[in-house]
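Biologist: I'd like to learn how to read packing and pairing in a model like this. Can you walk me through it?

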Amino acid sequence: MTARKQAAATAGKTTSAALALAAVLVAGTLNVASLQDKSVDAGALTLVTAAALSTVLLRRSPIWALAGAMVSVSVYLLAGYPYGPVQLCMVIAMFEVARRLPLRLSALACGVAAVMASATVLARSTPELHQPLLLALGWSGWVVLPWSLGALVHVTTAARERARRDLVTRAAAAERVRLAGEVHDVAGHGFALTAMHAQIALLVLDERPDQARASLEAIKATSDASLANLRGMLDTFHPRNRAGLAGLGALVDEVRVAGLPVELSMTEVVLGEEADAVAYRVIQESLTNVLRHAGPTIADVWVVPGDGEVLVQVGDRGRGAEVEATRLGRGLAGLRERVEKAGGRFMAGARDGGGFQVTVWLPVGGAG
């Protein structure tokens, strides 16, 4: 349905509701007139109908709807017609004004309507009335009370909407942080391998062109894989699209080709989807750091089950103690957050005997 058709349908429903209200108020007015021993004529019924039909404007122009209801009711009462259900038009209009408009504007409208209602009932009252102020204050309740209820609904709705927007904003910020971490892992690993292969190619370009060619081919393969991973990340952020331990063999092969010897010791383990992705990222980030910071060394990777947990450990014998502060930067800080979010424990630091080590414990069948 187009916006124009929707607007027309809404307007039709509003008009039908206003006509139904007019019919009910006319019938009610005829009934109370007999109870108050007062007569109603065509003028009275016209004013009652006008007050009811003014509610048609509530959706588009609440202030004008309130003005129409107040004028119609005031003229009706000043003409001496019986008190009755026509006063409900003031209640309905005032409530909608308070519910739909900002508090300052609706409060101003309520004040004007209260003064108008009080002046009307005072003008209609008999000269013998002993407490006109009390009557005026009591009659103003016809607009003050519905304004209070409408303002409460307005404030509650606004608070709920602010909370919803804040939740969406926080979720978007968290997703941006997560995506930044994913890009850091994938791009950082790819760049580290590319830099290593480029360095090798430069060193052997003249003496061993075949080795240089192999390094250039490895650069192309690594770049293609990194770009594919980045495209997959940008297409969808669902954890199912993240790499897991099933791709660990290919990851280790890439690092070995880049010139870092890696000893892999892996036993079949059972991890949930999220924990499986976290385990892979821990190994990828750790091996990338070894390539960047450790210098000539050998890396060892362990993935073994324990007592209700899976141990994931990556260590080296390089310059870990010298560059520990540098390596505990954004990458490992992000890994710690992911591991803890998956229900695991994280430890990273200098290794006994020299080098650096990252140790993670993830729950078996962990978060998925």
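Modeller: Sure, and keep in mind that this is a predicted model. Let's start with two helices: α4 (residues 88–100) packs against α5 (residues 103–124) at an angle of about 160°, and their axes are 9 Å apart.

Biologist: How do I read an angle of about 160°?

Modeller: Angles over 145 degrees count as roughly antiparallel, so α4 is roughly antiparallel to α5.

Biologist: Which residues make the contact?

Modeller: From α4 you have Met94, Val97 and Ala98, while α5 brings Ser106, Ala109, Cys110 and Ala113. Sorted by class, that contact of α4 with α5 has six nonpolar residues, one polar and no charged ones.

Biologist: On to strands. What does β5 pair with?

Modeller: A general idea to carry along: in a regular strand, side chains alternate between the two faces of the sheet. Here, β3 (residues 309–316) pairs with β5 (residues 356–363) in the antiparallel sense over seven bridges, and glutamine 313 has threonine 359 in β5 as its bridge partner. Strand β4 (residues 345–350) also runs antiparallel to β5, joined by six bridges, with alanine 350 opposite phenylalanine 356.

Biologist: What links β4 and β5?

Modeller: They form a hairpin with five residues between them, and glycine 353 in the turn has a positive phi of about 85°.

Biologist: How many aromatic pairs are there?

Modeller: Searching the whole structure gives three. One of them joins tyrosine 76 and tyrosine 81, tilted, with 5.3 Å centre to centre and 35° between the planes.

Biologist: Is tyrosine 76 buried or exposed?

Modeller: Buried means under 20% relative accessible area, so tyrosine 76 at 0% counts as buried, and so does tyrosine 81 at 13%.

Definitions and conventions
Residues are numbered from 1 along each chain as its sequence is written. This is a predicted model: local features need pLDDT of at least 70, side-chain atom pairs count only at pLDDT 80 or more; totals for chains, interfaces and linings use all residues. Side-chain values use heavy atoms; hydrogens and water are left out. Two strands pair if DSSP finds at least two bridges between them. Helices (H or I, at least four residues) and strands (E, at least two) are DSSP runs, numbered from the N terminus. Axes are lines fitted to C-alpha atoms, for helices over the stretch in contact, and angles run from 0 to 180 degrees between N-to-C directions. Angles under 35 degrees count as roughly parallel, over 145 as roughly antiparallel, 65 to 115 as roughly perpendicular and the rest as oblique. Contact means heavy atoms within 4.5 Å. Ala, Val, Leu, Ile, Met, Phe, Trp, Tyr, Cys and Pro count as nonpolar, Asp, Glu, Lys and Arg as charged, and the others, Gly among them, as polar. Rings of Phe, Tyr and Trp (its six-membered ring) pair if their centres lie within 6.5 Å; planes under 30 degrees apart count as stacked, over 60 as edge-to-face and the rest as tilted. Buried means under 20% relative accessible area, exposed over 50%, partly exposed in between (1.4 Å probe, protein chains only).
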